[in-house]
Structure formats: structure tokens, C-alpha cells
Amino acid sequence: MEQTVFSVSEVNRAVKQFLEGTSTFKNILIQGELSNITYYRSGHLYFTLKDDKASVKCAIFKYIYKNIPTDLKEGDQVKITGSATIYEASGSFQIIAEALEKTDKLGSLYEKLERLKKLYLEKGYFDESNKKPLPLLPVNIGVVTAETGAAIRDIINTAHKRFRNINIYLYPAKVQGEGSAAEVSAGIEFFNKMKKEEQLDTDVLIVGRGGGSIEDLWSFNEEAVIEAVFHSEIPVISAVGHEIDNLLSDLVADKRAATPTQAAEILIPVKEELIRNLEIRKNNVNKLLLNKVTLMKKELEQRKNNYYIKNYVGILNDKKLQLMEKEQRITRELKRIVERAREQFDYRKKKFEKTDLKMILNDKKDKLNTFEKKLNNKISEILRELKKDLEYKTAKLSKYSINDILKQGYTITRKNGKVVKRGIELSKSDNIEIQFSDMKVKSTVK
């Protein structure tokens, strides 16, 4: 029996069809370590996925449209979803992937942090305009942190060293692990509720914990904590001990402290220093008052020796005499004005009495009658001229009327209702109408 001989391309094609034709190797999930990463300008991504025993070549076509990270690097742990195939030309086995996700926990957390930071930045949660001022000297301080952690001990010790009269109220909360974000946000809401209900007038809140890894501190990046801090009516200091970039609670809080101890130092002045500053201010105020009193005494002495004060009675009498003199002068002037007005009135009255009003009216009436006659004559003259002009223009226009022209023996020829002005407008068999002065005749052109 003769054995079938295959070409290389036939074998590669057959294997390719087999792999792509079975559901076993379609949309499979593979996890491994990245190497040989190449981003092409065409939009394709090529890389090798390996573990400690084997490796496989992979490709993602048009990766930029598939939400694939653009910062992949050697050694990253990822999961891909793809299908197995063979590149016929070289016979190389490869995976064509449609999705890729980093599985490195730390990297995923940083990516999530950046996404949340961008989200809350766009919402305006970090704007300075939303920050509330801290009290100058708080009396009641609420603290949301672990009951047994170093944070609360540091806050209490620092507060009592600086000002023993401060009251500190603790809301014990988990600050790490599952459920911690919910407990921290519940603590913030608890103090706000107590203040609203007037059960505890909390001046400021310290929310935080000691240092740790990003996984340990992640509660302070959770949405529940961020929303609670932002909506708190009580000013909030975020006091999480860490050296990495700011946590979201640091950015949204009204004030950030590097550690819980620093939060207490920011809020609480040293009592002795406060008293010393008050004493200094008191002394300064006393000095200012003494200087003011001294200046006022000197001014009083100067005023006592003032000419006007010493001679007050004499100056007042002089002013009275001046006032009397002015009053007499005004009275005389008023009498003169009244007398002159009376004389003018008497003169006009006498002149009016001498005037014959009846004679004046008759004279005005005669003048009006004369003017009326002249006006009527002028109007009649204008009307006569206008009538003559109208008769002349009427006679002139009558020469051009249609009836007058027809009476002179002329006719008007119309075709289809339109006047025929030239013979060229007519054709054989046209129906026309001829108008005479006394009748109209219909005719046909021969």
C-alpha cells in the first residue's frame, strides 16, 4: 500500500484547521509571566507568555481598542483570554488573545488608586474651596482609629502633654482588612450624627492609623471612606502614617497629617506657650492703653489752656451781639423789599384802572373782521385759478383718449385680447377683433 505524502504547507494548514475547528482551544484563560513585549505602531501587540517549564507566543491585534494596558513590562504576571492557532508560513504555535489583565496585586491596586483619584478629582472632591477651616483651640476631638493601635495612644499622649483640658472621644474601628472601610466611614458618620442631635459637640475629627503597606492602608482609599470624609460637617484631618503618595483620604480631607501624632500637634497648641503668648499680648495691650491715656491727658491739658475754652463766655456774648445785629439788618432789608413791592403793585393797579377794555376789544374785533375778508378773497382767487388750470389740463388730455381717437376714424385690432401694433404679429387664419368707435367686429386673417 502506497503511503500518502503531504507537503509542509498542507500539514500546517491541517493542524491550523484542527485547532481552530475545535472548541477545546477557543477562548481559553491562560496565566503566566510576560516577556519579549513589543508594541507596534500598527496597533498590534506581540509578547511571550511563560511559566517555569514552558512558553508560548501570543498576539493581540488592535490592542488599543481592547482596553489593554500600555505599560506592560518584563516579568508582569497576567491573565489572557484567547484562542490557539498556527501561523502557516512558519508553523509556529501561538495564542491570539482578545483580553489581558494584570494579576500582580500591587500593580492592580496602584491602577485602581489612579482611577479613583481621577474620578474624585473630576468630581471636585479635592478642591481647596471645599476645605473647612480647623478650629483654633478645639475642646472636643473625635478620633476614628483602632482601639488597641499605637495611633490612639500617640494622640492621647501628645494631646495631654500639650493641653490637658482637651477631651478626646474614640470611635473604635478596624483600620485594615475586610470591613474596615465600612467601620471607618461609620465612625465619621457617628460623630456627625451626635453633633447634629446636640449630644456631643465635636469640634474636629482625626481619622487614621499607623503606617503599613499599600494593602494595609487600602481602607483609606475606599469609596465609603472618601464619601464620608467629603460629606462630614465636622472638619476632618487624615492622619495615616505612610511614606507613599497621598492616599485619597489625605486629598479629600480638610487637612493632612503625616502621622496621628502630627495631627494632634497641628490641632492642639501647647498650653504653656498659649498662656505665654496671651501674657505677651496682655502686656502689649496694657502698654498701648497706658500710652493712649497719656496722650489723652496731654491733649486735655492743651485744650484746657485753649483760648476759646478760657474765653468761652466772652466769645459767646460776642456771637450773640453779632446775631442781633444781623437780625436787625435782615429786618430792615425785608421792610424795604415789601415797601418797594407795594409801590409797584399800586402803580400797576392805577394803570390798569385807566385802561378802557371795551374800546380795546372793539378795536381787536374790527381788525379780525378785516383780516377775515381779506382771507376769503384770497381763497376765492386761488380756487378760480385752480379751476382754470384743471379745465385746461382736461381739454389737453381729451385729445389722447381712446374714444376721441376712434371717432377720428382710427380702429384698434386685438388678437387673443392683446393689441396688435405691427402686421408681422399676424399669421394666416388668426382670429382677430377690430374695434370701431361704435362697434366691435370679429374677423379672420386670409
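The following is a dialogue about a predicted model and the reasoning behind some of the terms applied to its residues.

User: Why is Q94 called buried?

Analyst: A residue counts as buried when its relative accessible area is under 20%. Q94 has a relative accessible area of 16%, so the term applies. Q94 belongs to strand β5, residues 92-102. Leaving aside neighbours within four places in sequence, Q94 is in contact with V56, K57, S83, A84, T85 and Y87.

User: What makes T48 buried or exposed?

Analyst: The relative accessible area of T48 is 11%. The cut-off for buried is under 20%, and T48 is therefore buried. T48 is part of strand β2, residues 45-50. Beyond the neighbours within four places in sequence, T48 is in contact with E33, L34, S35, N36, S55, V56 and K57. In addition, T48 and C58 are 10 residues apart along the chain, and their C-alpha atoms are separated by 5.7 Å.

User: N36 appears among those contacts. Why is N36 counted as buried or exposed?

Analyst: Exposed requires a relative accessible area over 50%. N36 stands at 53%, so N36 counts as exposed. N36 is found in strand β1, residues 28-39. The phi angle of N36 is near 50 degrees, which is a positive value in a residue other than glycine.

User: What is the phi value of N416, and what makes N416 exposed?

Analyst: Phi of N416 is near 55 degrees, again a positive value in a residue other than glycine. The relative accessible area of N416 is 72%. Since exposed means over 50%, N416 is exposed. N416 lies in the loop between β11 (412-415) and β12 (418-419).

User: Why is S427 called partly exposed?

Analyst: The term covers values between the cut-offs of 20% and 50%. S427 has 42% relative accessibility and therefore counts as partly exposed. S427 sits in the loop between β12 and β13 (431-435). The C-alpha atoms of S427 and V445 are separated by 6.9 Å, with their positions 18 residues apart along the chain.

User: Why is A182 called partly exposed?

Analyst: A182 has 47% relative accessibility, so A182 counts as partly exposed. A182 is found in helix α4. From C-alpha to C-alpha, A182 and R329 are 95 Å apart in space, and they are 147 residues apart in sequence.

User: How do you know that the length of helix α3 agrees with what is expected?

Analyst: Helix α3 comprises 13 residues, 150-162, and at 1.5 Å a residue it should span 18 Å. The expected span uses one less than the number of residues. The end C-alpha atoms of α3 are 18 Å apart, so the two values agree.

User: What shows that the buried residues of α3 line one face of the helix?

Analyst: The buried residues of α3 are A151, I152, I155, T158 and A159. Seen down the axis of α3, they fall within an arc of 140 degrees, so they line one face of the helix. These residues pack against β6 (140-145), β7 (167-172), β8 and α8 (260-267).

User: How do you know where the buried residues of α8 lie around its axis?

Analyst: The buried residues of α8 are P260, A263, A264 and L267. They cover an arc of only 95 degrees around the axis, which puts them on the same side of α8. The elements covering them include β6, α3, β8, β9 and β10 (255-257).

User: Which residues touch the most other members of the largest nonpolar core?

Analyst: They are V184, I188 and V207, in a core of 32 residues. The elements giving two or more residues to this core include α2 (105-123), α4 (180-196), β8 (204-209) and α6 (223-231). Helix α4 provides the largest share, five residues. Not counting residues up to four places away in sequence, V184 touches V144, A173, K174, V175, V207, F220 and V225.

User: How is the protein divided into domains, and what separates domain 2 from domain 3?

Analyst: The division gives domain 1 (8-103), domain 2 (109-129 + 138-273) and domain 3 (407-445). The centres of domain 2 and domain 3, taken over C-alpha atoms, are separated by 111 Å.

User: What does UniProt place at residues 6-100?

Analyst: An unreviewed UniProt entry places the feature "domain: OB-fold nucleic acid binding" there. In the model, the span of residues 6-100 is 15% helix and 46% strand, and its end C-alpha atoms lie 37 Å apart.

Terms used. Residues numbered from 1 in each chain as written. Predicted model: local features only at pLDDT ≥ 70, side-chain atom pairs only at ≥ 80, totals over all residues. Heavy atoms only, no water. Core = buried A, V, L, I, M, F, W, Y, C linked by side-chain atoms within 4.5 Å. Buried < 20%, exposed > 50% of the residue type's maximum accessible area, 1.4 Å probe, protein only. Helix = DSSP H or I, 4+ residues; strand = E, 2+ residues; numbered from the N terminus. Contact = heavy atoms within 4.5 Å. Domains from an automatic or database assignment. Arc of directions from axis to C-beta. UniProt positions renumbered as here; feature names shortened; annotations may be inferred.
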